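Here are some exercises to work through with a predicted model open beside you. Try each task on your own, then follow the solution step by step.

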Amino acid sequence: MAAVVVLAIVGLLPLCLMVGSSLWVDGSLSSRNYVEVLGNARTWILFRNSLVLATLTTAVAGLAGVSLGILVARTDLPFSSSIAVVFSLPLLFPPYILAVGWFEILGRGGILARWIPIGETTSRWLFGLPGAVLVLGSAFLPIVLLLTITYLRGMNPSLEQAARLSAGWPAVLRRITIPLITPGILLSLVLVFLLSMGEFGAPAFLRIDVFPVASFTQSSAFYNFGAATAAAMPLIAVVLAGLLMIQRILHGRAYSFRWGGQSTLERIPLGRKKPIVLLAVVVLAAILVGVPLAGVLWRGSSVAALSDALQRAGESAIRSFVYAGLSATFLSVLGFFVAYLVYRRSVAGWWSVDALALFLFTLPGTVLGIGLIALWNHPSTNWIYATPAMLMIGFVAQYAALSSRIVLAGFSQMSPSLEEAAEVAGAGWFRRVFGILTPLVRPALLASWAVTFVFCLRDVALPLLLASPGRDTLTARTMTLMANGSSELIAALCLLAVLLALLPLGAIGIAWRLWRTPA
Amino acid sequence: MSAIELQKVWKTYGGRSVVSHLSFRIEKGERVTIHGPSGSGKTTVLRMLAGFLAPDEGVVLIGGQEVAANGKIHVGPEHRNLGMVFQDLALWPHLTVYQNLEFALKAQGLTADVRRQRIGEVLARVRLDEFSGTYPARLSGGQQQRVAIARALVAQPLALLMDEPLSNLDDDLKDELCTHLLDLHAQLGFTLVYVTHSKEEMRKIGNRAILLKDAKGVSV
């Protein structure tokens, strides 16, 4: 129950207060903010821009992600695990790093412009819709890729084998496999759409006029929270529509195709096309991941740039690490109890807790940040607002869905009779939870910690809005320095952010392997 | 010419022999049960016949044609002209009963009229003609079983492979479906290869049994 209260305080309350305060103008109830914002033609231009960007990003990420997912999970493509890891890398750091990387390649002073005099054209292309779609498409592609792989690997192999008895692989994929994993694909597409709609960092760097950037400007530059809330309303409406769609996708299906068996799926032989397909995949990985990271590395890896970055943002990097670590720990604990509640359906309205967590996850960080400011920015609560706890509250609200969903996946692998057996043996709730359930879902808890750590580390909007002065994070510091910092410094800061995400995850991966390997 | 033949087939998993030097022949129209305890390699034999696995050594022949030999599959499952009923039935949940049956016929390139006629006949035989527009999840266990049999038979296969299809049903339903299967066999005359660990099903369904023990077919 405490988990529900925490989620309501950190997530629901700020949103309610935010809506309430947007309707309270000069001491009376008024719709002035809404009339002004929604009656303004620019609002709808921004909304259209956001919709177009999110739609194109979803199309690119969806097409590439599903194709790659099928290639990785179902064919005999060599190095498939490594390919999945490479394409998933952009999920580990904020999308603006890819934008900075492309800027070093395609910008006016970029690598390409040194050889071919087309810097003006490529720069215009990058700082426009095509560039934003390329950056966000490759940043969110891993979501589609990983969900496609997960759904494909969860499929009952005999469903495909039954079809293989009468048809070749193309027909089996078209008529059986892909329709069966359609809920997973649609779920990933809705998530990518919502995350693209709410993305702040990359569009801000690429100077794309979209809703989250405008919403952020309203709140941080003009301190007009009422107008910022009103401006956020179309985004909230889109998120709610998206969540309703997810609800329909996941629960509107009358069939189930998943199973818990051990038999491995037959790999589709690529035959003579294998080298060509591998080459195409490697080239795509190079374009979407390798080139922008190489751009950052090329510009920012000099000793001077790195030492400058460390000098100007070293403390921010440490704070990022600490805040993300503490938030991930709290999120894993909260996620455990929210997942337990959903798994056991132990309180009435358990689904609303899950829905609230998902709503907060898909809500743009700028909107959530404004809500949290509206709630906590008062003299009586300044003891929280003026501390790093504020930012961690934001992280908890935004990413509770991630931790709860991951731990829930762990719970769903377990038979309910395991806890029931302990109950029959006379174990109380405390012993059942900490003596039986916690050890069994330990891998899921570790995964939850690692994933939420990365998401807190890569967040841009919440640190920009919520980090107290002098206690910013690396992402917030980088975004601030982008206004007047040198290209070398910005690239070095991006490199630092990449290392900050990769090093602890690498350490966790090695520790996990050592722990799992029998002596 | 035998409908199905295995010649000195050998299959190992992780260094353990699941099937070793197994040879047998099944003639056209025969009802053969493959019987043995858990882990004796029954399902592996069936999966090698279907084309999902290749024998490490030995030869598999279907209709006199070599379809797999010595670690290689020469003829894929879709070209072996076999029907199969899986242990978990594997009915496609997103397709109606009619569409489940239509899949194989579409792959054969038959016209819509021929498909309709063929599906109508088979559904009538399994007494499910009124359920053609129903999704599998809305059918009872026995009805789902009959859809799986109808789907396996609709393409008029050379042989019907069944992998412990009745193991999850209650005794009354098992009896009913056994009788129904024997009726269908009498009407259509297909070759039946039926894997089971139940001696009762072995006696009822087969007119011949292959007993698998210690990875070998010790008795025919």
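**Exercise 1.** Find where B:Ala90 is located in chain B, then decide whether B:Ala90 is buried or exposed.

*Solution.* Step 1: B:Ala90 lies in the loop between β7 (82-85) and α2 (97-107) of chain B. Helices (H or I, at least four residues) and strands (E, at least two) are DSSP runs, numbered from the N terminus.
Step 2: The relative accessibility of B:Ala90 is 2%, so B:Ala90 counts as buried. Buried means under 20% relative accessible area, exposed means over 50%, and partly exposed is in between (1.4 Å probe, protein chains only).
Step 3: Look at the backbone as well: B:Ala90 is not a glycine, and its phi is positive, near 55 degrees.

A note on the ground rules: residues are numbered from 1 along each chain as its sequence is written, and chains are lettered from A and ligands numbered from 1 in the order in which they are written. Because the model is predicted, local features need pLDDT of at least 70 and side-chain atom pairs count only at pLDDT 80 or more, while totals for chains, interfaces and linings use all residues; side-chain values use heavy atoms, with hydrogens and water left out.

**Exercise 2.** Now describe B:Lys8: which element holds it, and what is its phi?

*Solution.* Step 1: B:Lys8 belongs to strand β1 (residues 4-13) of chain B.
Step 2: The phi of B:Lys8 is positive, about 45 degrees, although this residue is not a glycine.
Step 3: B:Lys8 has a relative accessible area of 57%, so it is exposed.

**Exercise 3.** Place B:Gly120 in its element and find how far its C-alpha atom is from that of B:Ser132.

*Solution.* Step 1: B:Gly120 sits in helix α3 (residues 112-125) of chain B.
Step 2: Along the chain, B:Gly120 and B:Ser132 are 12 residues apart, and their C-alpha atoms are separated by 8.6 Å.
Step 3: With 34% relative accessibility, B:Gly120 is partly exposed.

**Exercise 4.** Step back and describe chain B as a whole: how many helices and strands are there?

*Solution.* Step 1: Chain B has six helices and 11 strands. Its radius of gyration is 17 Å, close to the 17 Å that the globule rule gives for 220 residues, so chain B is as compact as a globular protein of that length. The radius is taken over C-alpha atoms, and the rule is 2.2 Å times the number of residues to the power 0.38.
Step 2: Along the principal axes, the C-alpha atoms of chain B fill a box of roughly 50 × 40 × 30 Å.
Step 3: Of the 220 residues in chain B, 55% are buried.
Step 4: Consider contacts (heavy atoms within 4.5 Å). In chain B, 66% of the contacts between residues at least 6 apart in sequence join residues at least 24 apart.

**Exercise 5.** Do the same for chain A: how many helices and strands are there?

*Solution.* Step 1: Chain A has 25 helices and two strands. Its radius of gyration, 24 Å, is close to the 24 Å from the globule rule for 519 residues, so chain A is as compact as a globular protein of that length.
Step 2: The C-alpha atoms of chain A fill a box of roughly 65 × 65 × 50 Å along the principal axes.
Step 3: Buried residues are 55% of the 519 in chain A.

**Exercise 6.** Which residues does A:Ser403 contact, leaving aside its neighbours within four places in sequence?

*Solution.* Step 1: Find A:Ser403 in helix α19 (residues 389-412) of chain A.
Step 2: Its contacts are A:Leu331, A:Ser332, A:Gly335, A:Ser448 and A:Thr452, with neighbours within four places left aside.
Step 3: The relative accessibility of A:Ser403 is 0%, so A:Ser403 counts as buried.

**Exercise 7.** How many disulfides does a search of the whole structure find, and why does A:Cys494 not bond to A:Cys456?

*Solution.* Step 1: Recall that a disulfide is a covalent bond between the sulfur atoms of two cysteines. The cut-off used here is a pair of cysteine sulfur atoms within 2.5 Å.
Step 2: The search finds zero disulfides over all chains.
Step 3: The closest cysteine sulfur to that of A:Cys494 is in A:Cys456, 19 Å away, which is too far for a bond.
Step 4: A:Cys494 is buried, at 0% relative accessibility, whereas A:Cys16 is partly exposed, at 46%.
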